[in-house]
Amino acid sequence: MEILIGEKNEKLRGKSLPVKKITQDIWLLAESMSSLMKEKNGAGLSAPQIGMPLRLIVFLFKNKPMALINPEISQSSKETESIEEGCLSLPGTWAMIDRPSKITVKAKTLTGKKIKKNLSGISARIVQHEIDHLDGILFIDRISKKTKK
Ligand code: ZN
């Protein structure tokens, strides 16, 4: 399993499909993604980044990997903050990105339990970045024109 690299990679630019059934394959996939994330010192990883067009992400939550299936942001704060982001698919690229500082995310866990989480700080940031991947959006797409100059 390898992480796909490059802003022009088509597989990083497509829309991923919802996970219909949480099978053993999904557990194994989530587990491999968590290991890969740790190995690469990442804070989050999405399934499309390893070439699987599925709505599944893993991220570090309180220092432990957590998987979210079919995650959706149901609320975001009006208040935004600018934080420096990088991405395992864009090695060596870093930029300040402005995003809502707090979000509510709805998802399913690996056991199929529906959850709703209020996130702020770095967790809110990572989850927004990873959910973007599920829609083929990379953080560099969100660099403001002002910053690009
Ligand atoms: Zn990324």
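Strands are DSSP runs of E with at least two residues, numbered from the N terminus. By that definition, Asn-70 belongs to strand 3, which spans residues 64-76. The model is predicted. Within it, Asn-70 has a positive phi near 50 degrees, although the residue is not a glycine. Asn-70 has a relative accessible area of 23% and is therefore partly exposed. Lys-20 lies 50 residues from Asn-70 in sequence, yet the two C-alpha atoms are 9.0 Å apart in space.

Lys-62 also has a positive phi, at about 50 degrees, and is not a glycine. This residue sits in the loop between strand 2 and strand 3. Its relative accessibility is 70%, so Lys-62 counts as exposed.

The metal site comes next. Three protein residues donate to the zinc ion: Cys-87 through SG, His-129 through NE2 and His-133 through NE2. These donors lie 2.0 to 2.2 Å from the ion. Along the chain, they follow the spacing C-x41-H-x3-H. Cys-87 and His-129 link distant parts of the chain, 42 residues apart. Cys-87 is in the loop between strand 4 (80-85) and strand 5 (95-100). His-129 is in helix 2, residues 121-134. Cys-87 and His-129 are both buried.

The loop between strand 4 and strand 5 also holds Gly-92. In contrast to buried Cys-87, Gly-92 is exposed, because its relative accessibility is 72% and the cut-off for exposed is over 50%. Gly-92 and Ala-107 are 15 residues apart along the chain, and their C-alpha atoms are separated by 31 Å.

Charge pairing was examined next. Side chains of opposite charge can pair when their charged atoms come close. The count of salt bridges in the model comes to seven. One of them involves Glu-85 and Arg-99, with an N to O distance of 2.8 Å. Glu-85 is in strand 4 and Arg-99 in strand 5, 14 residues apart, and the pair links distant parts of the chain. Both Glu-85 and Arg-99 are buried.

Arg-99 has a further partner in Asp-132, and the closest N and O atoms of that salt bridge are 2.9 Å apart. This pair, too, links distant parts of the chain: Asp-132 is in helix 2, Arg-99 is in strand 5, and their positions lie 33 residues apart in the numbering. Asp-132 is buried, as is Arg-99. Salt bridges with shared partners join Glu-85, Arg-99, Arg-125, Asp-132 and Arg-142 into one network. Helix 2 thus appears in two settings: His-129 of this helix is a zinc donor, and Asp-132 of this helix pairs with Arg-99.

Another salt bridge joins the side chains of Arg-55 and Asp-135, at 3.1 Å from N to O. The two residues are 80 apart and link distant parts of the chain. Arg-55 is in the loop between strand 1 (44-46) and strand 2 (56-61). Asp-135 is in the loop between helix 2 and helix 3 (145-148). The two partners fall into separate accessibility classes. Arg-55 counts as buried because its relative accessibility is 13%, under the 20% cut-off. Asp-135 counts as partly exposed because its relative accessibility is 27%.

The surface carries a positive patch. Lys-106, Lys-108, Lys-114 and Lys-116 form this patch. Strand 6 (102-108) and strand 7 (114-120) are the elements that give two or more residues to the patch. Lys-106 is found in strand 6. Its relative accessibility is 42%, so Lys-106 counts as partly exposed.

Terms used: Residues are numbered from 1 along each chain as its sequence is written. Side-chain values use heavy atoms; hydrogens and water are left out. Donors are N, O and S atoms within 2.8 Å of the metal (3.2 Å for Na, K and Ca); water is not among the atoms, so sites may look incomplete. Helices (H or I, at least four residues) and strands (E, at least two) are DSSP runs, numbered from the N terminus. Buried means under 20% relative accessible area, exposed over 50%, partly exposed in between (1.4 Å probe, protein chains only). Patches are made of residues with over 30% relative accessible area and no salt bridge: like charges are joined within 9 Å, nonpolar side chains (Val, Leu, Ile, Met, Phe, Trp, Tyr) within 5 Å. Accessible areas come from the Shrake-Rupley method with a 1.4 Å probe; for residues, only the protein chains shown count as cover. A salt bridge is a side-chain nitrogen of Lys or Arg within 4 Å of a carboxyl oxygen of Asp or Glu. Lys and Arg count as positive and Asp and Glu as negative; His and the chain ends are not counted. The place of a charge is taken as NZ of Lys, CZ of Arg, CG of Asp or CD of Glu.
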